[in-house]
Structure formats: C-alpha cells, structure tokens
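Here are a few notes to go with your first look at this one. Have the viewer open and follow the points in order.

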Amino acid sequence: MMDEMGETGGTVGARPGLERINPPHLAPPTGFSHAVRAASGSMVFLAGQTALDGSGRIVGDGIVEQFERALTNLLEAAAASGAGPSDLAKLTVFAVDVADYRRHARDLGQVWKRLVGGDFPAMAVIGATRLWDEAALVEIEGIAVVR
C-alpha cells in the first residue's frame, strides 16, 4: 500500500496483521521484504537453528541441504509456538561462506518457496567466521508475529 506522500509502499501479505512494505524508491526486493509492519499480536522470537537432526548432529554436506534442514527446524519451532510460515516477520541468515550462499541462491529460493511459500519477511544474510556447531554452514534466526 502507498500513502498519500508515496513514502511507504508494498503489498499486504496473506496473513492479517503483517504488512510487507516495499517502498517504490528502493531497489525491488528479491527474496525478502524491505520491512514488515506488525499490527497487534504476540511476538515469537525464534532462536538460531542450524542443520541439527534430532540427535544433535549436523546433517547435509552442502549449503542447500543445510539451509533446508535449518529452515525446517525454524519452522518447527515456530509451529510449536503457534506461528506458521506466513507469520514470519524477520529472519537473519548467518552463512560461513556468503559467496557459496549467493552461488546457490536459486536453489535456496526453491527450498524457501517449497517450505514457506511466496511471502518474504524482512531478511538479512550475514557472513560469519564460524557458527556454534563447527560443521554448520548456515544458521537461521527469526521473529514471528502471531495474532
């Protein structure tokens, strides 16, 4: 939506209470929203998730496999809190090799669309020297808003 001044713009996500805002004077976002405004609701803070399996071992040899497992783990934590994929308002992805993450962006996007759909939260990818789990290539944390 755009106000009278054209200062904010964007689309309203499928979930009532979250408005994805993508101002027309900023570069068009690809795979994220510039901002997500939450109306009334409860905030759920989601701890960083890596590609840990149920026994505490990192699974997946590459960034795509580990991203899929980390995102699945995050979505399971969100669901246990009453939040679904469309409730995600903010995600931070920590990657030990940002160049590798970029090389696999198309595959990562396909994983995202399969698990989450077409709504994109406000997102950032941050390069990290290493993560808590030494074998982890990626970690994802987030904030969801549940109405």
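1. Start with the largest pocket, which has a volume of about 590 Å³. Keep in mind that you're looking at a predicted model. The elements that each put two or more residues into the pocket lining are α2 (98-103), α3 (105-115) and β6 (122-127).

2. Which residues should you click on to find the middle of the pocket? Of the 18 residues in the lining, Thr30, Gly31, Tyr101, Ala105 and Gly109 lie nearest the centre. Helix α3 gives the most to the lining, with seven residues.

3. As for the make-up of that lining, you'll find eleven nonpolar residues, four polar ones and three charged ones.

4. Now for the charges. Side chains of opposite charge can pair when their charged atoms come close. How many salt bridges does the whole structure have? A full search turns up four; I'll go through some of them.

5. Take Arg103 and Asp100, whose closest N and O atoms are 3.5 Å apart in a salt bridge. Both sit in helix α2, and because they are three residues apart, about one helical turn separates them. Their surroundings contrast: Arg103 is exposed at 60% relative accessibility, while Asp100 is buried at 16%.

6. Arg57 and Asp53 make another salt bridge, with 3.6 Å between the closest N and O atoms. Here Arg57 is exposed, at 54% relative accessibility, and Asp53 is buried, with a relative accessible area of 18%.

7. The salt bridge between Arg130 and Glu134 has its closest N and O atoms 3.5 Å apart. Is Arg130 buried or partly exposed? At 47% relative accessibility, Arg130 counts as partly exposed. Glu134, at 68%, counts as exposed.

8. Finally, have a look at Glu139, in strand β7 (residues 138-146). Glu139 is buried but has no salt bridge. Why not? The nearest side chain of opposite charge, Arg130, is 9.5 Å away, and a salt bridge needs the nitrogen within 4 Å of a carboxyl oxygen, so Arg130 doesn't qualify as a partner for Glu139. Arg130 does have a salt bridge with Glu134, as in the previous point.

9. What is Glu139 in contact with, then, leaving aside its neighbours within four places in sequence? The list runs Gly48, Gln49, Thr50, Thr92, Val93, Phe94 and Leu131. It's worth displaying those residues together with Glu139 when you go back to the model.

Definitions and conventions:
Residues numbered from 1 in each chain as written. Predicted model: local features only at pLDDT ≥ 70, side-chain atom pairs only at ≥ 80, totals over all residues. Heavy atoms only, no water. Helix = DSSP H or I, 4+ residues; strand = E, 2+ residues; numbered from the N terminus. Buried < 20%, exposed > 50% of the residue type's maximum accessible area, 1.4 Å probe, protein only. Lys, Arg positive; Asp, Glu negative; His and termini not counted. Contact = heavy atoms within 4.5 Å. 1 Å grid on protein atoms, 1.4 Å probe; cavity = no way out; pocket = protein on both sides within 12 Å on 5 of 7 lines; lining within 4 Å. Points joined across faces, edges and corners; volume = space filled by probe spheres on them. Nonpolar A, V, L, I, M, F, W, Y, C, P; charged D, E, K, R; others polar.
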